Amino acid sequence: INAEYMGVKLSMSKVSEVERAFLFWLNYLHLQEGKLTSLAALKDGVVLSRLLNNADAESFPLEGITMHTGGAAEIGVKNLKTLSSRINKFFSQSLHRGGTKDSVDCEAIASTGNTIEIIKLCERVLGVVSNCTKKDQYIDAILQLDEFTQTILMETMLKYI
C-alpha cells in the first residue's frame, strides 16, 4: 500500500517510520496521562493545542479549544481548524511565510484519524516549536531520542528553519 504525501508516493513503512518518530517525541514530552499509541489519538486537536500553548501561550491560547470532545468529530474539526488557523498566523507573522500550501484536511483528521493528514499537522507543529522562544526545550527533547528518530524529526524541522 502506498500513500501520497506532498506529491511524493511513500510506502506505508515510511509513513510508519514518521508516525513512530512523532509518537516517540510526543510521548517524551509527557503531554497527557498515559502514552500515545497512535497518531489517531491526536484527531481532536487537544494534545497538540496543549503542546503549542506550552510553547507560545500568546499565539496559541486555549480559548476556543474544546478540551473534552467526547469523541465528537464535529468538535474535533472545530478544534483543528482553530489550531490550523493559529499555525498559519504564526508562520505568517513570525516567519513571514504563509501556510496555505501546507494546510491539512481537518475533516479527514477528525472523522477518520487520517495518518497522512495528522503527520502533516505534526510537521507544522514541529515547525512552530522549532521557531518559538522555547525552541531549545523542544529540540533538547528530540536529542534525547534514538538517532533514527532524531534524523526523521530534524529533517522535518529543517523545512521550517
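This report describes the fold, one helix, the aromatic residues and several individual positions of a predicted model.

## Overall architecture

The protein contains 7 helices and 2 strands. Along the sequence these elements follow the order β-β-α-α-α-α-α-α-α, with the two strands placed ahead of the helices.

Of the 161 residues in the protein, 47% are buried. The accessible surface comes to about 8,100 Å², and carbon and sulfur atoms account for 52% of that area. Among contacts in the protein with a separation of 6 or more, 63% join residues that are 24 or more positions apart.

## Helix 5

Helix 5 covers residues 115-129 and has 15 residues. From its first C-alpha to its last, helix 5 reaches 21 Å, close to the 21 Å expected at 1.5 Å a residue. The helix is mostly covered, with 14 of its 15 residues buried.

The N-terminal end of helix 5 is capped by Asn-114. A side-chain oxygen of Asn-114 lies 3.1 Å from the backbone nitrogen of Ile-116.

## Cysteine residues

How many disulfides does the structure hold? The count is 0. Cys-122 has a relative accessibility of 1% and therefore counts as buried. Cys-132 has a relative accessible area of 5%, so this residue is buried as well.

Cys-132 is located in the loop between helix 5 and helix 6. Apart from neighbours within four places in sequence, Cys-132 contacts Ala-55, Phe-90 and Tyr-138. For the contact partner Phe-90, the separation along the chain is 42 residues, while the C-alpha atoms of Cys-132 and Phe-90 are separated by 9.4 Å.

## Aromatic cluster

Aromatic ring pairs are described by the distance between the centres and the angle between the planes. In this model the count comes to 3 aromatic pairs. In one of them, the rings of Phe-60 and Phe-90 have centres 5.9 Å apart and planes at 40°, so the pair is tilted. Phe-60 lies in the loop between helix 2 (46-55) and helix 3 (73-94), whereas Phe-90 belongs to helix 3, so the pair ties together parts that are 30 residues apart in sequence. Both Phe-60 and Phe-90 are buried.

Phe-90 also pairs with Phe-91: the ring centres are 6.2 Å apart and the planes stand at 65°, so this pair is edge-to-face. Phe-91 is buried, as is Phe-90. Phe-60, Phe-90, Phe-91 and Tyr-160 form one aromatic cluster.

## Thr-69 and Asn-79

Is Thr-69 buried or exposed? Thr-69 counts as buried because its relative accessibility is 11%, under the 20% limit for that class. The residue is found in the loop between helix 2 and helix 3. Its side chain makes a polar contact of 3.5 Å with the side chain of Asp-44. Beyond neighbours within four places in sequence, Thr-69 is in contact with Asp-44, Val-46, Ile-75 and Asn-79.

Asn-79 is placed in helix 3. The relative accessibility of Asn-79 is 0%, so this residue counts as buried. Which residues does Asn-79 contact, leaving aside its neighbours within four places in sequence? They are Asp-44, Val-46, Gly-64, Ile-65, Thr-66 and Thr-69. Asp-44 and Val-46 thus appear among the contacts of Thr-69 and also among those of Asn-79.

## Ile-139 in helix 6

Ile-139 is found in helix 6, which spans residues 135-143. Its relative accessibility is 22%, so Ile-139 counts as partly exposed; the class begins where the buried class, under 20%, ends.

With neighbours within four places in sequence left aside, Ile-139 is in contact with Met-154 and Met-157. Ile-139 and Val-129 are 10 residues apart in sequence, and the distance between their C-alpha atoms is 8.4 Å.

Key: Residues numbered from 1 in each chain as written. Predicted model: local features only at pLDDT ≥ 70, side-chain atom pairs only at ≥ 80, totals over all residues. Heavy atoms only, no water. Helix = DSSP H or I, 4+ residues; strand = E, 2+ residues; numbered from the N terminus. Buried < 20%, exposed > 50% of the residue type's maximum accessible area, 1.4 Å probe, protein only. Contact = heavy atoms within 4.5 Å. Areas by Shrake-Rupley, 256 points an atom, 1.4 Å probe, with all protein chains shown as cover. Expected span 1.5 Å × (residues − 1). Polar contact = N/O pair within 3.5 Å; in protein donor to acceptor, adjacent residues only side chain to side chain. Disulfide = S-S within 2.5 Å. Phe/Tyr/Trp six-rings, centres within 6.5 Å; stacked < 30°, edge-to-face > 60°.
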